[in-house]
Amino acid sequence: MTPYSLAFYVDAVTTGTVLGARPTDSPDRVTAVLGSRFAENAFGDGAMWRDYGLAEFFWDRDSPDHPWSGHHFTLQVHRLAYRDRTLVNDELRARYGRFTPRLRFAKLRRLLERRGVPLLEIPEIPANAPYFRTFWQPDSRVAVSVIGTYGEYSTPDDLRVGDVYSIQAPLNR
């Protein structure tokens with residue numbers, strides 16, 4: 001059995017979901033899974049995201065008359081370094097237990113490889129290189145962003161080289 005939060009990350013990368021909530025699910029469905037404690041943000045009438053602490057889900061729509069369409073989710077792993085116990089919501093904590101303040105990429109990758117779930121490095125966006133590196137899981141279409149090298153004002157001081165910064169799904173390649 002994989003301990004604590006590692007099992008959560010393995011599940012998320014393997015399935016491309018958060019507790020079964022897919023990036024394409026409606027806001028109501030995601031809230032049914034992750035709970036009603038969230039902050040809601042909007043860009044006009046056409047884009048919205050809900051911040052559940054560790055997980056953020058994003059939607060868009062053509063007009064206020066149209067339903068929301070799920071776009072993607074991001075696991076803001078770097079926020080755990082702040083050691084705010086309220087960041088991981090009750091639903092995640094009930095299923096996976098304690099979450100550590102940092103996620104080491106080497107450990108996550110090793111656990112995934114043992115399960116036959118490879119992570120392939122893809123070219124980084126030039127503005128982020130060399131400070132970040134991105135790895136992709138082709139079956140689940142999940143991207144894992146990792147601190148590649150330290151850069152003052154470019155990377156968080158609370159993270160080390162090799163720490164996971166975020167996990168996002170889907171990544172279309």
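**Notebook: Leu-54 and its surroundings**

I began with Leu-54, which, leaving aside residues up to four places away in sequence, touches Phe-8, Thr-74, Leu-75, Gln-76, Val-77, Leu-80, Leu-87, Val-88, Leu-92 and Phe-99. I note at the outset that the model is predicted. I then looked up where Leu-54 sits, and found it in the loop between strand 2 (47-51) and strand 3 (55-60). Is Leu-54 buried or exposed? I read a relative accessibility of 0%, and because buried means under 20%, Leu-54 counts as buried. I also checked one of its partners, Leu-87: the two residues are 33 apart in sequence, while their C-alpha atoms lie 5.9 Å apart in space.

**Entry: overall architecture**

I counted the secondary structure next and recorded 4 helices and 8 strands. In what order do they follow along the sequence? I wrote the pattern down as α-α-β-β-β-β-α-α-β-β-β-β. The radius of gyration is 16 Å, close to the 16 Å from the globule rule for 173 residues, so I entered the protein as being as compact as a globular protein of that length. For the C-alpha trace I noted spans of about 45 × 40 × 30 Å along the principal axes.

I looked up burial for the whole protein and found that buried residues make up 47% of the 173 residues. Turning to contacts with a separation of 6 or more, I found that residues 24 or more positions apart account for 47% of them. The protein exposes about 9300 Å², of which carbon and sulfur atoms supply 49%. For the charges, I recorded 22 positive and 21 negative, with mean positions 10 Å apart.

**Entry: helix 4**

I moved on to helix 4, which covers residues 105-114. Which of its residues are buried? I listed Phe-105, Leu-108, Leu-111 and Leu-112. Viewed down the helix axis, the buried residues of helix 4 fall within an arc of 135°, so I recorded them as lining one face of the helix. I then asked what these buried residues pack against. The partners I found are helix 1 (4-15), strand 6 (132-137), strand 7 (142-147) and strand 8 (164-169). Just after helix 4, I noted that Gly-116 takes a positive phi of about 75°.

**Entry: cis peptide bonds**

I inspected omega at two proline positions. Ala-129 and Pro-130 are joined by a cis peptide bond with omega of about 0°. I located Pro-130 in the loop between strand 5 (120-122) and strand 6. The peptide bond from Ala-169 to Pro-170 is also cis, and I read its omega as near -5°. Pro-170 belongs to the segment after strand 8.

**Entry: positive phi outside glycine**

I looked up Leu-19, a residue other than glycine, and found a positive phi near 55°. Its place is the loop between helix 1 and helix 2 (27-34). With a relative accessible area of 22%, Leu-19 is partly exposed.

I did the check for Arg-83 as well, where phi is positive and near 60° in a residue other than glycine. Where does Arg-83 lie? I placed it in the loop between strand 4 (69-75) and helix 3 (90-96). Is Arg-83 buried or exposed? I read 58% relative accessibility, and Arg-83 therefore counts as exposed, the cut-off for that class being over 50%.

Notes. Residues numbered from 1 in each chain as written. Predicted model: local features only at pLDDT ≥ 70, side-chain atom pairs only at ≥ 80, totals over all residues. Heavy atoms only, no water. Helix = DSSP H or I, 4+ residues; strand = E, 2+ residues; numbered from the N terminus. Rg over C-alpha atoms; globule rule 2.2 N^0.38 Å. Buried < 20%, exposed > 50% of the residue type's maximum accessible area, 1.4 Å probe, protein only. Contact = heavy atoms within 4.5 Å. Areas by Shrake-Rupley, 256 points an atom, 1.4 Å probe, with all protein chains shown as cover. Lys, Arg positive; Asp, Glu negative; His and termini not counted. Charge placed at Lys NZ, Arg CZ, Asp CG, Glu CD. Arc of directions from axis to C-beta.
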